[in-house]
Amino acid sequence: MSKGKYYLTTPIYYVNAAPHIGHAYTTVAAETIARVKRMEGYDVVLTTGTDEHGTKVERAATAQGKTPGEFVDLISNEFRTQWQKLDIRIDRFQRTTNPEHGKLVNRLFEACKANGYIYKGTYTGLYAVVSESFVNDAKPGDIDPETGKPYEELTEENYFFKLSAFTHRLLEFYEQNPDFVGPEIRRNEVLAFVKQGLQDLSITRTSIKWGIPVESDPAHVFYVWFDALTTYISAIFGENRWPADLHLIGKEILRFHAVYWPAFLMAAGWPLPKRVFAHGWLLFENDKMSKSRGNIVRPTPIAEVMGVDALRYFLLREIVFGQDGSFSFDALVGRYNADLANGLGNLASRTLNMVSQYREGVIPTAEGDAGIRETATKQAALALSAYDSFDFSHALEHTWNIISGVDKFIVERAPWKLAKDQSEEAQRKLDETLYTAAEALRVVCVLASPVLPHTTQAIWTQLGNESPLETEQTESLVWGARPPERIGNISAVFPRLDPKPTIQRMQELEEAEKRRQAELLGKPAESSAPAESSAPAAVIDAPTISIDDFSKVDLRVGEVKSAENVKGADKLLHLRVDIGEAEPRTIVAGIALAYKPDQLIGRKVVIVANLQPRKLRGLTSQGMIVAASLEGGAPVLAGFHEDVPVGARLK
Ligand code: MSP
């Protein structure tokens, strides 16, 4: 019987990056919660989708010679098929380009406006001309790495949302709904932010084309967040499911969900979601995953080599949900062998094989060992309550406590010895041992099924169950809930993996997937040379100059001696380039999105050596590195096919 509805969401992902393991992290966690809630008897809907508007997307499309519509179809589909490949069950997939969604965004806007919370004003900000977008984190005077000139100040007419009117109402709301934001640390951040007082928000743009038009004033399009957040309602519009029970998000988008979104809804007089839960970041070997570092991991190669469940298990067991955590291939294979192969896989195969060998495949009828029964009952309750607080790692730890309890029990009972003793007492003990192991395994299957849906189903069938495991409810966690049955055909789950070749295989597939995705996005793959297919920059009508003018430019061959990222500037690299002088030159170049520092060391490049030095992010750049600039694409450094000495002049 249904306990009622439960509606949960993941963020809708931007289409300017291809899906990676960070996106999978949220989606796997959300889908696991959906499975727990189904097991608890709720009628659950999980939505995800894609966030498809904005200048970045428009530019990426143009760079590939595609219309924005064609481009977003391609990448949105990439997300959708990724969830399919990972066997993640998504109930609704919403896209911000869905026309029905656009209508609802307009309805929300008009409702806020009718209630007096929208007004027209002017927005002034620093504007990047090449990318045609306001740069939120720049200060006046900061240099635009794409033009080498300071950002321009631009003023445009926008619609504003009166966020300032909601400071007190929001604080009151958080007070009355202490569970609205979780975990606690995030709730405190939100309270501190709102207590400072809120400023009005610009929610439309006239400088952007690729967006949902404001129906009542079509010169404007909605700015991304007002548009994006509304998918949570448009995805289930007409289904009587709003308000959502849970928005699961990463911590970097907390403010939008816990402050702006409830304020928009309060302004419109629409119901508010019940809970926003922000998890931490998934790092790669303790480092932030990013394109410039070239350390982004894709989930499908892992799933292909180790199985989807191994990936799910690792993400949810290794990292305490809510905190940051680290991914590494070594840790992934290590966990797999320790917990899945030696733990669950081993318990399943020894239990099923003993039943087959000693009792011809029939699980004997017995009471079961009181100690194991108590362990299973207690640990199952603890695991369920951990699941309910989204504490997956502890839910799994409790489940695995049952496994280790049974492992110990089997060793103590030594059924292989009991099997050789035909006395009534020994045979009764053997029955009890086999029943206890099989019943504990059944309970473990139910408990672990939200995280390991495929392998627990396989064990479930081998235990002789005919109904699908995912229809089991929490009642089936009660010890002895099911009469013992004849087991099915046995086949091992989670075979042990040899770490080295397993990791090597995954990394090979990763490389292939990285290249495929890069091609799809029309960008150079992170670790390989920039793609040749990028569109050339628009031809500039450069004035004719004399040879004397040209000879004023001191172009020199240089060799990169060191390269590092510039803190706080995604696009910049700090280089030291030897151009045949006593000391290498310091050069700050806007090439970090195209080249990793390591790739550049020892590389021969062309330097403009007599440019006036200029300060960028506290570093004095003593020259400029020459690169082809590609419209919407990454810069490509000029170089030489033959060997050239450092310091040689280009004339
Ligand atoms: N489009 C917005 C969200 C709009 S929701 C109305 C957006 N998109 S995003 O593509 O950048 O996705 C961000 C989300 O992806 C994070 O909040 C998180 O859920 C997930 N993650 C992406 N990379 C991640 C990690 N490295 N680690 C953990 N989560 C990650 O923001």
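How far is an oxygen atom of the ligand from an N or O atom in the side chain of Glu252? In this predicted model, the separation is 2.8 Å. The protein covers 90% of the accessible area of the ligand, which is 670 Å² for the ligand on its own.

The surroundings of the ligand come next. In total, 22 residues surround the ligand. The closest are Ile12, Thr26, Asp51, Glu252 and Leu282. Glu252 thus appears both among these closest residues and in the side-chain approach to a ligand oxygen. The backbone also takes part. A backbone N or O atom of Ile12 lies 2.8 Å from a nitrogen atom of the ligand. For Tyr14, a backbone N or O atom lies 2.9 Å from an oxygen atom of the ligand.

The protein was also examined by domain. Its domain assignment gives three ranges: domain 1 covers 4–279, domain 2 covers 326–532 and domain 3 covers 547–637. The C-alpha centres of domain 1 and domain 3 are 37 Å apart. The two domains are nevertheless in contact, through 6 residues of domain 1 and 8 residues of domain 3.

The size of an interface is often given as the accessible area lost when the parts come together. Between domain 1 and domain 3, about 570 Å² is buried. Carbon and sulfur atoms account for 61% of this area. On the domain 1 side, Ala63, Ile143 and Pro145 supply 55% of the area buried against domain 3. No other three residues supply more.

The side of domain 1 that touches domain 3 has 3 nonpolar, 1 polar and 2 charged residues. Across this interface, 0 salt bridges are found. The count of residue pairs in polar contact between domain 1 and domain 3, both at pLDDT 80 or more, is also 0.

How values were computed:
Residues are numbered from 1 along each chain as its sequence is written. This is a predicted model: local features need pLDDT of at least 70, side-chain atom pairs count only at pLDDT 80 or more; totals for chains, interfaces and linings use all residues. Side-chain values use heavy atoms; hydrogens and water are left out. Domain bounds come from an automatic or database domain assignment. Contact means heavy atoms within 4.5 Å. Buried area is the accessible area (1.4 Å probe) that two parts lose on being put together, summed over both. A salt bridge is a side-chain nitrogen of Lys or Arg within 4 Å of a carboxyl oxygen of Asp or Glu. A polar contact is a pair of N or O atoms within 3.5 Å; within protein, one must be able to donate a hydrogen and the other to accept it, and residues adjacent in sequence count only if both atoms are side-chain atoms. Ala, Val, Leu, Ile, Met, Phe, Trp, Tyr, Cys and Pro count as nonpolar, Asp, Glu, Lys and Arg as charged, and the others, Gly among them, as polar. A residue is near a molecule or strand if one of its heavy atoms lies within 4 Å of it. Accessible areas come from the Shrake-Rupley method with a 1.4 Å probe; for residues, only the protein chains shown count as cover.
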